[in-house]
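Colleague: I've got a model open and I'd like to learn how to read it. Can you walk me through a few features?

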Amino acid sequence: MVRRLQWIAVDRRRPVDDRTGQRIVADTARRPENRYGNRPTMKDVAARAGVGLKTVSRVVNSEPGVTPETERRVQEAIDALGFRRNDSARVLRKGSTASIGLVLEDLADPFYGPLSRAVEEIARAHGALLINGSSAEDPDREQELVLALCARRVDGLVIIPAGDDHRYLEPELKAGVATVFVDRPAGQIDADVVLSDSFGGARDGVAHLIAHGHRRIGFIGDMPRIHTAAERLRGYRAAMEDAGIPVEDEWMSLGVTDPERVRRAAEEMLVGASPVTAIFAGNNRVTVTVVRVLAEHRRAVALVGFDDFELADLLQPGVTVVAQDSAQLGRTAAERLFRQLDGTLLTPERIELPTRLITRGSGELPPAD
């Protein structure tokens, strides 16, 4: 029997099976096209549903003019393909991202958690996406982050400022970027700001210590260039002056809230010829470090802190605080932002929210001597 030989053109670029020596031919009938990394497009949806591109666009953007049956077919194609609308393309067409930027001081600070969540909820209710960023209390980083958000064409900004000169924002404001500052006012520009009453809250907290018999009261705060730190120091001084109590320089310490610096300041106030019998802490991070120092101190020392913090009520004694509502700060700021966006707010305003003194025991301790 004679076998007929059939010559087959072989592509030598194709891989060879190690066992048979034969070239491997792809089975295109069974193996689908590799679409890894390629998102399905509206063209893919249109082809699968058997409709035109405009019909798919109407369904995706919830526009009228599509029959229920056609809409069902398009939606089934969307679900089967895993199609997601390309919002970047919409930005190019409409010039709007339906997003707002939130620039915080420190994302890790528990004070900003409720504030951020409140802004996010208001944004969501208006169909907008929230983009968070942290300045790390660096004015240059704040400016870089804010301008980066503007370059991505966010509709508005909620800013907890790190710097004191915001003239770099003037072109963006003129271009229509809605902006609200929170916790601290803007520097050298006229803009909406939502604040807590740092001055009044600190004055009330120190007056509370004075009412319980204290005369030697220390103040440990944040960096003096920060608006809230300066206002709380002013409230401390006002309460002492109202009571006719002269303040000694060694009773005041402002600087970074690094635990080592705060610890050193507290320990220095607790010793010497005129040791303090009470401490007013300028923010929650300062308060936590002071609590640790007082736990190691033999003499009972009263404490009031500005800002509430987790587990403050479970300590022995519980920590008396001047509480501000960070969620309300965020909510108020976001609501004003969207009122700017819908054109109902024209004149910038300064809104100051009240604080609340919560007594738990540490601020009610009498002087030990």
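Colleague: What volume does the second largest cavity have?

Modeller: Here's the general idea: rolling a probe the size of a water molecule over the atoms shows where empty space is left. In this structure, which is a predicted model, the second largest cavity comes out at about 40 Å³.

Colleague: Which residues line the second largest cavity?

Modeller: Look for Asp183, Leu195, Ser196, Ser198, Phe199, His227, Thr228, Glu231, Arg350 and Glu352. By class, that lining has two nonpolar, four polar and four charged residues. At least two residues each come from β5 (192–196), α8 (198–211), α9 and β11 (350–353), and α9 has the largest share with three.

Colleague: How many cavities of 30 Å³ or more are there, and how much space lies in the largest?

Modeller: There are two of them, and the largest holds about 170 Å³. Its lining has 19 residues, and the closest to the centre are Thr228, Arg232, Asn283, Arg285 and Asp307. Two or more lining residues come from each of β6 (217–221), α9 (227–242) and α11 (284–295). Here too α9 gives the largest share, three residues. Sorted by class, the lining of the largest cavity has five nonpolar, six polar and eight charged residues.

Colleague: On to sheets. In what order do the six strands of the open sheet come?

Modeller: Generally, strands of a sheet pair through backbone hydrogen bonds, either parallel or antiparallel. Here the order is β7-β6-β8-β9-β10-β12, with mixed pairing. At the edges you'll find β7 (252–254) and β12 (356–358); each has a single partner strand, so one side of each is left without a neighbour in the sheet. From one strand to the next, the twist averages 15 degrees.

Colleague: How many bridges join β6 to β8?

Modeller: Four, and β6 and β8 (residues 278–281) run parallel. For an example, put your cursor on Gly218: its bridge partner in β8 is Ile279. Then find α9, which packs on the sheet and touches β6, β7 and β9 (302–306), its direction making about 170 degrees with that of β6. Helix α10 (residues 259–269) lies across β6, β7 and β8, also at about 170 degrees to β6.

Colleague: And helix pairs: at what angle do α2 and α3 cross?

Modeller: Two packed helices are described by the angle between their axes and the distance between the axes. For α2 (residues 53–60) and α3 (residues 68–81), the axes come within 10 Å and cross at roughly 85 degrees, which means α2 is roughly perpendicular to α3. The contact uses Thr55, Val56, Val59 and Val60 of α2 with Thr70, Glu71, Val74, Gln75 and Ile78 of α3.

Notes. Residues numbered from 1 in each chain as written. Predicted model: local features only at pLDDT ≥ 70, side-chain atom pairs only at ≥ 80, totals over all residues. Heavy atoms only, no water. 1 Å grid on protein atoms, 1.4 Å probe; cavity = no way out; pocket = protein on both sides within 12 Å on 5 of 7 lines; lining within 4 Å. Points joined across faces, edges and corners; volume = space filled by probe spheres on them. Nonpolar A, V, L, I, M, F, W, Y, C, P; charged D, E, K, R; others polar. Axes fitted to C-alpha atoms, helices over the stretch in contact; angles between N-to-C directions. Parallel < 35°, antiparallel > 145°, perpendicular 65-115°, else oblique. Contact = heavy atoms within 4.5 Å. Pairing = 2+ DSSP bridges.
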